[in-house]
Amino acid sequence: MEFVRQQSLPLRRTAFLLCGDWHRAEDLVQAALVKLYRVWSRVHRMDQPTAYARRVLVRTAIDESRRFWRRERAAESVPDHAGPDQDTDMSVDLRRALAALPARQRATVVLRHWEDLPVHEVAKLLRCTEGTVKSQSAKALTALRTMIDADRLLEGYR
Amino acid sequence: MNTDDNERWANTMLADAVGTEPELGFHPDDVLTRARRDRSRRRATITGAATITALVATGLLLDHGSTEHHPIITGAPPATETTIYGGSGDPMTYDAHAAALTATLADARLIPAGIRLSTDTSYGGQPLVFYKLITGQNTNSYYAQATITDQHGAGHLVIQVLRQQTGLNCVNAPSYWQPCESRVLADGVRITTVHYAPPQPGRPAIQWQVEVVRPDGTAVDVQCGNWSLDGNPATSGIGHATGAEPAIGVDTLVQLARLSGLRP
């Protein structure tokens, strides 16, 4: 219970960067936590259960991104809290650029540069080689730079 | 830009992408309740899995689309409700209503001749057999899937029967929804068709999405694309598009989405 309470928000931020939608991010976190519960008796003895939870989340997000579930949410049932409407044009553009990346490239960028994980951990998490992580990360950053409006970059990121 | 600059840029960019963070929309208690229920269901499913294996072996016959016949789904539904786990571990139920939806789809014989059907392993279940989703965003909706293979290669077909849907909006559609068209029929049914072509290098991945929303809010959503999700990374995914267009045309997909028997 304590783990769920402490990790829900950080996991949701990561999930949001992976999928670009707060509601879907919450679905992903809940799905990942449910999966984690199945193996909790083993996981909670680990040194880093958070790392395991993150791994489950990323796998869930990648699996989910391959599918095309249609969201079923009537307008009146959308929670009344802050959403993308309150975000700046820049953050919307950034999310759009992130969303245009292939799922694994997006995951690589998020794990390397948001979660700040070392290359070997990202490779382990994504079940690929360290070389692949480096090349995917470089490709993703190049693509992001190309997609994001150059004027905004000059103003905000240099 | 050196490596440190690059990393700083990426980190700042991601922090800005998060933007305004809403309050958490679920309670930890709810997650734990759901997890406990899920564990109970999984235990109960051991028997169910044996049932559905026997069912597939003996009754649920799929004619995988010879050149002379449309794919046909026949056979009696299971006598009892059966839960299986889909491609990513989501539980789904084959119940009496799923059987009725499956029969409606099969009876319509809309899948073109020459198309071979197999399971889309990303979703799981038998091809073009409806299942009820019992967790997640689409709880209580029904879906059917198939990997559809024609002379150009493999693609996907996903059909969802939804309880409540407000409808796709072409007004603020992304640039790669081209065209995106909506029309309302005399009986109040709203049909939206979207030609989805995400920007990417190489052979274009193309998907048709057809949505029918009825006046009571129930909806049918059909998606058919020219890439498969058969689980083989060498041949499936958006980077492995086949053919210039999906194997099933938009007119057929509209016919499918408008089947009156496809109701939640």
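Me: Which residue follows α7(A) and has a positive phi?
Reply: This is a predicted model, in which local features need pLDDT of at least 70 and side-chain atom pairs count only at pLDDT 80 or more, while totals for chains, interfaces and linings use all residues. Residues are numbered from 1 along each chain as its sequence is written, and chains are lettered from A and ligands numbered from 1 in the order in which they are written. A helix is a DSSP run of H or I with at least four residues, numbered from the N terminus. After α7(A), the phi is positive, near 55 degrees, at R127(A).

Me: Within what arc do the buried residues of α7(A) fall?
Reply: Helix α7 of chain A spans residues 119-126, and its buried residues (20 or more other C-beta atoms within 10 Å of their own C-beta) are V122(A), A123(A) and L125(A). Seen down the axis, they line one face of the helix, because they fall within an arc of 165 degrees.

Me: Which helix gives the largest share of the largest nonpolar core?
Reply: This core, a set of buried Ala, Val, Leu, Ile, Met, Phe, Trp, Tyr and Cys residues joined through C-beta atoms within 7 Å, has 41 residues, and A15(A) and V29(A) are among those that touch the most other members. The elements giving two or more residues include α7 of chain A and α1 (3-18) of chain B. The largest share, nine residues, comes from α2(A).

Me: Which residues does V29(A) touch, not counting those up to four places away in sequence?
Reply: Contact here requires C-beta atoms, placed from the backbone, within 7 Å. With sequence neighbours up to four places away left out, V29(A) touches S8(A), L11(A), R12(A), A15(A) and L57(A).

How values were computed: A residue is buried if 20 or more other C-beta atoms lie within 10 Å of its own, exposed if 12 or fewer, and partly exposed in between; C-beta atoms are placed from the backbone. The arc is that of the directions from the helix axis to the C-beta atoms. Two residues are in contact if their C-beta atoms, placed from the backbone, lie within 7 Å.
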